[in-house]
Every structure is written in structure tokens, then in C-alpha cells.
Amino acid sequence: SEIKSLPFLHRGKVRDIYAVGDDKLLVVQSDRLSAFDVILDDPIPGKGRVLTELSYFWFDKLKHIIPNHLTGIDPASVVAPEERAQIAGRSMVVHKYKPLMIEAVVRGYIIGSGWSDYQKTGSVCGIKLPAGLKQAEKLAQPIFTPASKAPAGHHDENITYDEAVATVGAKHAAQVKEVSIRLYNEAATFAATRGIIIADTKFEFGLVDGQLILIDEVLTPDSSRFWPAESYQPGSNPPSYDKQFVRDWLEQAQVDGRPWRKTPPAPRVPDAVIARTAAKY
């Protein structure tokens with residue numbers, strides 16, 4: 001986005017942020033794709049609109065559990081008329097907040113980095129799990145497995161609950177854990193009625209006047225693993241409606257004839273992979 005009518009604040013991996021007065025922000029969801037914490041040169045057409053609409057849906061559906069950062073202000077009303085087209089369907093006006101510096105990850109199934117950790121140690125983020133679990137197996141209960149919020153260019157890392165307490169304090173860590181599991185359970189129950197398994201997801205939280213609120217994006221293909229229930233089979237990595245498809249491609253990709261090391265620059269993504277990723281979103 002190139003908004004000139006508002007002060008520009010920050011360009012993140014996916015979102016562009018502008019100031020709206022002293023206490024609000026305009027957040028614009030781009031089509032940029034970040035994988036392994038590296039921004040790819042090739043955007044995914046329509047991705048920003050999908051993430052925005054899904055976030056609006058879930059913010060509304062889950063607002064009885066915890067307040068969120070939405071203001072209800074129409075984004076088109078805070079930019080110049082000639083700038084409205086570039087933010088249409090991909091933006092929201094939110095309250096200014098102080099982010100908590102942890103990623104609130106909830107896992108209902110053992111997959112991804114959790115599966116890797118389990119294979120090595122039998123645990124995920126310090127939580128001991130039963131022996132003999134298969135890849136992608138459903139856990140008896142969802143588990144809260146926080147991660148660090150790494151600075152740009154670095155990878156988020158799984159941390160223990162005690163490390164989360166050290167980062168955000170005992171009160172906020174306990175709140176985040178309890179609320180995150182409630183959010184996941186309610187969302188997963190609803191998604192199941194639509195034939196979708198939410199394997200895991202990441203929530204982010206912030207503070208406004210000391211009150212904990214849900215921020216950023218919610219239950220999108222960028223922050224969650226969505227599996228079609230009809231083809232789910234424990235013991236293998238299920239097909240998914242999210243960026244796992246492009247992650248899997250990148251795992252096999254090469255740069256200058258060598259396997260990509262998950263550091264910039266990222267490999268250029270072929271048109272066919274971009275189109276398939278867009279279809280999954």
C-alpha cells in the first residue's frame with residue numbers, strides 16, 4: 001500500500017500500518033507471503049482480502065470470549081478518496097495497543113515444529129506427551145505451546161510456559177493460556193461442522209489501558225493449519241488449506257544449486273505454485 005493521507009508507521013512481513021489520530025491504527029493486509037519468517041518476492045493474489053475477511057468473521061464470532069482491537073470505523077472513511085481502492089476489502093481500523101511479546105500457539109494435533117520437538121524429546125514446549133503418537137494425531141486435549149516473538153529476520157522459537165511467564169508476567173501468561181484454549185476449542189468445534197479440522201493456530205494479544213485484547217489476525221491460513229476432515233489420516237502430513245503447501249515446496253527448493261537455508265533471499269516461486277497457493281487460501 002502507498003497511503004499518503006496518513007502517517008506511515010511500519011511495514012511488517014504481511015501488514016502495512018498507518019496512524020489514525022493518536023489512538024487508532026489503519027492496518028492494511030497485503031498479498032505478501034512470509035514463510036519461515038522470510039518474505040517471498042512473489043505475492044499471492046487475493047491473499048490479503050481472504051485474511052481480512054476471515055479475521056473479521058472470527059473476531060465477531062469470538063467477541064464474547066475476549067474483546068478485540070476493532071473499532072468499527074470504516075477504513076474508507078480515514079483515507080483520501082483516491083486511496084480507497086488500494087485498501088478495499090483488505091484493511092481494518094483498530095485501537096492502538098501494546099502487544100504482548102509472545103505468540104500464543106494452541107495445538108490440537110501433533111504436527112509441524114511440535115511434531116519435530118516430540119520426535120526428539122517426547123515433549124512440546126516442556127509439555128510431556130504420551131509415547132507412540134503418530135504424526136498429525138489428535139491430542140487428548142489441546143495444549144498451549146507459546147513461542148517467542150522474534151525480531152525481523154529471525155525465526156520465532158518454541159518456549160516453555162515458564163519462559164512465557166518471564167516474558168509477559170504470571171498474570172498475563174495465565175490469561176493468555178486460558179483464553180487461547182477457549183478460543184481454539186470454540187473455533188475448532190464450529191469448523192468441524194463445516195468439514196474442517198483446525199490442527200493448530202496462533203493468537204496474538206495486546207493491552208489497551210491494561211485490558212487484554214485479541215489483536216492482529218485470527219484463524220487465518222497464515223496463522224493456522226486447516227485440514228479437510230474427509231481426507232484426514234493420522235500418520236502422515238495431511239493436505240491443508242493454508243501456506244503449508246508453499247512451505248513444503250520451499251523445503252525442496254534450491255538457490256544457486258543448493259538447498260535453500262531459510263534465509264533471505266528466498267527462491268522465486270513458480271507461477272503454478274503461486275496459483276495453487278492462492279486456490280488453497
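Let's start with one pair of residues: Tyr18 stands opposite Leu26 in strand 3. The model you are looking at is predicted, and this pair is a handy way into it.

**Around strand 3**

Tyr18 belongs to the stretch of residues 15–20 that forms strand 2, which pairs with strand 3 in the antiparallel sense over six bridges. The two strands make a hairpin with three residues between them. In that turn you will find Gly21, whose phi is positive, at about 65°.

Strand 3 has another partner as well. Strand 6, residues 91–95, pairs with strand 3 over five bridges, again in the antiparallel sense. Here Val28 is the residue to look for, as it stands opposite Ser91 in strand 6. The table puts the two pairings next to each other.

| Partner of strand 3 | Sense | Bridges |
|---|---|---|
| Strand 2 (residues 15–20) | antiparallel | six bridges |
| Strand 6 (residues 91–95) | antiparallel | five bridges |

How much of strand 3 is buried? The strand runs over residues 24–29 and is mostly covered, with five of its six residues buried. As a reminder when you look along it, side chains in a regular strand alternate between the two faces of the sheet.

**A serine in helix 5**

Now move along to helix 5, which spans residues 170–192 and contains Ser180. Is Ser180 buried or exposed? Its relative accessible area is 0%, so Ser180 counts as buried, the cut-off being under 20%. Leaving aside residues up to four places away in sequence, Ser180 touches Ala104, Val106, Phe144, Phe203 and Phe205.

**The chain as a whole**

Stepping back, the secondary structure of the chain amounts to seven helices and 17 strands. Along the principal axes, the C-alpha atoms fill a box of roughly 60 × 50 × 35 Å. The radius of gyration is 19 Å, which agrees with the value near 19 Å that a compact globule of 281 residues would have.

Of the 281 residues, 49% are buried. Among contacts with a separation of 6 or more, 61% join residues 24 or more positions apart.

The outside can be described too. The accessible surface of the chain is about 13,700 Å², and carbon and sulfur atoms hold 53% of that area. As for charge, the chain has 34 positive and 34 negative charges, and their mean positions are 2 Å apart.

Methods. Residues numbered from 1 in each chain as written. Predicted model: local features only at pLDDT ≥ 70, side-chain atom pairs only at ≥ 80, totals over all residues. Heavy atoms only, no water. Helix = DSSP H or I, 4+ residues; strand = E, 2+ residues; numbered from the N terminus. Rg over C-alpha atoms; globule rule 2.2 N^0.38 Å. Buried < 20%, exposed > 50% of the residue type's maximum accessible area, 1.4 Å probe, protein only. Contact = heavy atoms within 4.5 Å. Areas by Shrake-Rupley, 256 points an atom, 1.4 Å probe, with all protein chains shown as cover. Lys, Arg positive; Asp, Glu negative; His and termini not counted. Charge placed at Lys NZ, Arg CZ, Asp CG, Glu CD. Pairing = 2+ DSSP bridges.
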